[in-house]
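Biologist: I am new to this one, so could you walk me through it? Let's start once the picture is up.

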Amino acid sequence: MDKYTTAGVVLLLLLPWFCSVLGQSCEGNCGGSAGLCSCQPTCESLKNCCADYRDHCLETQPYSGTIFGGTDFVVLHVTFNKSDHIVCRFNSDTDTVGYVDGNSRGHCISPLLYETGWVPFTISTDNGTSFTRAGRWLSVHTGKLDSRLKAVLVNATKWQYYGTPGVTGSLQMTWSTSMVNAAKVNIELWGYRETGTAYSDDWEAEWKYLYTLEKDHSNNGSFSFVPKPAQHGFSAWELGMLRISSSVHPDGMWNVEAAWTEDHALAWHLDETFRKDSVAWAKEKCLAWDKYETQLPNFLQEIIDCPCTLAQARADTGRYHTDYGCDIEKGSVCTYHPGSVHCVRAIQASPMYAAGQQCCYDSNGDQVLTGDSIGGSTPDRAHDWGSPPFKRPPRVPGQSHWVYDVLSFYYCCLWSDDCSYYFKHRPSSGCQKYQTPQSAVVFGDPHFISFDGISYSFNGKGEYTLVSSTARNLAIQGRTEPVTDAIKATKMTAVAMKEESSDIIEVRMVSGSNRLQVLQNQETLSFTEQSWMDLHGVFVFSPVSTNVTVMFPSGASVEVRLRGDNMATTVLLPVQFNNITLGLMGRMNGQATDDLTLSNGQTVQNISNPEEVFKFGASWSISPDSSLFTYDTTYLENEYKNAPKHDPTFLPDFYVTENASDPLLNQAIQLCSGEGAQFCRYDVLVGRNLMLGNATKMLFQSHIAQVDDLKPVVSCGYLAPPTNGRKQGTAYLQGSRLVFSCEDGYSVKGSSERVCQPDGLWSGQDTACTKTSNVAGIVAGSVIGGIALVTLITTIVLYSRKQKRRAAVV
């Protein structure tokens, strides 16, 4: 260790002392700098934190819980006095009472919130006089919450159909006893409703304690009862949930430790009118809803169309995400969409009305429409996942959707047989206007496939612009590092991004660990408790530690996948980005010739010349002041923050040398074949790693499969069966065939068979069923009757003449 290094170490060790002497503190300054010392999330790894950083900038366990509140969480790394009177303040306006446990650890209770995402909180130890400590709490939509963190309605269907024909008896619920720290608990019913005039300033959301089902119940994790109709008008509350909380609290006390069930339709407590004739009761409600809906604005005009196929829906990760209520990966339990195997929801709520879109698909991959099935795709007046700024209807996560889209489905479709009213206001959106996104990818020792399909390799060392769109304020940057000191090639190890004023999201490899790390504004995010996070201007989904998807309001998404030591980054952009992108992933415009355009506007003339391509890549190094990356280690500071953004001293091996004496050559030839073979061979022979080459091959094939899934298809649109007729077929894409027939007494007019043509039009003529005509029968009957009449008259005349002749003879 030289004298300069020794001096640096000593300075770092003395830094907290200097900060303490100078009175520099993190109190009220978390996330910022206090002069010589730091209160930023990176300070611990950089060892430049203020001495009181952990005392004021809090970390909690757990860090997340239900939007309904009641989660007890402990403050880590801080010791409290047992005489402290803790008050926890969320969003600067909601207080809950905390406590200090026997180990001098401070606890807070999360409150009932009307929003999802990270909610700031502060802590007071003097009963609310001053709040000197700060942290944040992740509020989670109940549908996305781990089932282990909720009380369970045993046979939930029975709860929501109770009182309908044949559904009686007792109901049961269960919960984990550790969720409520009490020997005795109360079982309470809470209700939700929205009041005021829709889409006006007095439109309000209300959660309210209704009544207690059981007091002083043993906290044994189970409760059963035979429900009775609610008294005192409480049956007017048709949506709610049950809460389990300690019996030491007064009935209905807000923001105490509690376990909640799922929100659900409260069929089991509705009045005697419902139980006597649930169908008539529900139909009356359905008709009232039908009348109310006609008075509300038409939100259907501003929601986006559904993808045409299941493959498109699953591949378009920037605009659609799996609906947790109908997931093919979890067995396709589609309670509200029978006949479907998978549904997705539009990620973003519509701009004006905060409406949602839901798209469902059958086992053939075709979209299911409500014109054909009760299980079809339905749009939503209120997006199930809510929408910023939350809190007020119709943007309250979960509950607004229940009020305007789910309860009405119970009225019209589940408790009665009047679905036609529901589907009149919630018709499936087809896919004729749907346009697939374009994708570009970087993987391996960086190999790129541009939006318009150009393939090339760029092995520069530095930080570069992958995608830049100033028109949309989207920036996606990538960092490359040498594979090893001995190998003249690099690999992508981090990608950072933002759109408009969103949080900055960075996804990076963790050395020596098979996982990805996600940072939000330089602070590490943990996905140990939740896989989905609502952040500012961006969503992040990480179901496993090797997969991360980042989604922006524009519909742009970034998928990062770690396969071994190989990180692949895929960017998907909707058509709104046509002609407004630049960077290493090219100009997205359908013209491959201009994809490799340098930052100065010149275009690469020979894309098969790796040295010319290298100059193109180097031109897209970022500027220091535009960097979105986090530099939280000495290595990153020295090699990237304080170094040129493109390292001019690093020259890669531009060409693959296939030496017959190379022991890897035959293995590379066997492993690397077909499309993308050149990338695989490069990574094996230059990277000296068969596993890397195999991962590159698989990632290339995965990209090709995604591009294939996202190929545009032609839809001719929905065709209804004719009145008094029938239709065979429920697919409406190019090549689909529909056959029409008529009921007895009717005949087909127009085309009985129609085929969806490449131009998006149906073949043939419109089909109708007309009443069968009986003119021919009438004419035939008239003729026969006429002949019979003539014959009769003739017979009478002849008979009369004969009688006259006989009389004359006599």
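Biologist: Is C30 buried, exposed or partly exposed?

Modeller: Happy to help! First, this is a predicted model, where local features need pLDDT of at least 70, side-chain atom pairs count only at pLDDT 80 or more, and totals for chains, interfaces and linings use all residues. Residues are numbered from 1 along each chain as its sequence is written, and side-chain values use heavy atoms, with hydrogens and water left out. Buried means under 20% relative accessible area, exposed over 50% and partly exposed in between, using a 1.4 Å probe and protein chains only; with a relative accessible area of 34%, C30 is partly exposed.

Biologist: Which residue does C30 join through a disulfide?

Modeller: A disulfide is a pair of cysteine sulfur atoms within 2.5 Å, and the whole structure has 14 of them. C30 sits in the loop between helix 1 (3-21) and helix 2 (43-46), and its partner in the loop between helix 3 (53-56) and strand 1 (59-61), so the pair ties together parts that are 27 residues apart in sequence. Helices (H or I, at least four residues) and strands (E, at least two) are DSSP runs, numbered from the N terminus. The S to S distance is 2.1 Å, and the partner is C57.

Biologist: Why is the disulfide of C30 and C57 called left-handed?

Modeller: The handedness comes from the torsion about the S-S bond. For C30 and C57 the disulfide is left-handed because that torsion is about -100°.

Biologist: Which strands hold C742 and C769?

Modeller: These two cysteines form a disulfide with sulfur atoms 2.1 Å apart. Both C742 and C769 are buried. The pair ties together parts 27 residues apart in sequence, because C742 lies in strand 36 (residues 737-742) and C769 in strand 39 (residues 768-771).

Biologist: How are helix 13 and helix 14 oriented to each other?

Modeller: Helix 13 (residues 677-685) and helix 14 (residues 690-709) have axes 7 Å apart and pack at an angle of about 160°. Axes are lines fitted to C-alpha atoms, for helices over the stretch in contact, and angles run from 0 to 180 degrees between N-to-C directions. Angles under 35 degrees count as roughly parallel, over 145 as roughly antiparallel, 65 to 115 as roughly perpendicular and the rest as oblique. Helix 13 and helix 14 are therefore roughly antiparallel.

Biologist: Which residue forms a disulfide with C672?

Modeller: At 2% relative accessibility, C672 counts as buried. Its partner counts as buried too, at 1%. The sulfur atoms are 1.9 Å apart, and the partner is C680.
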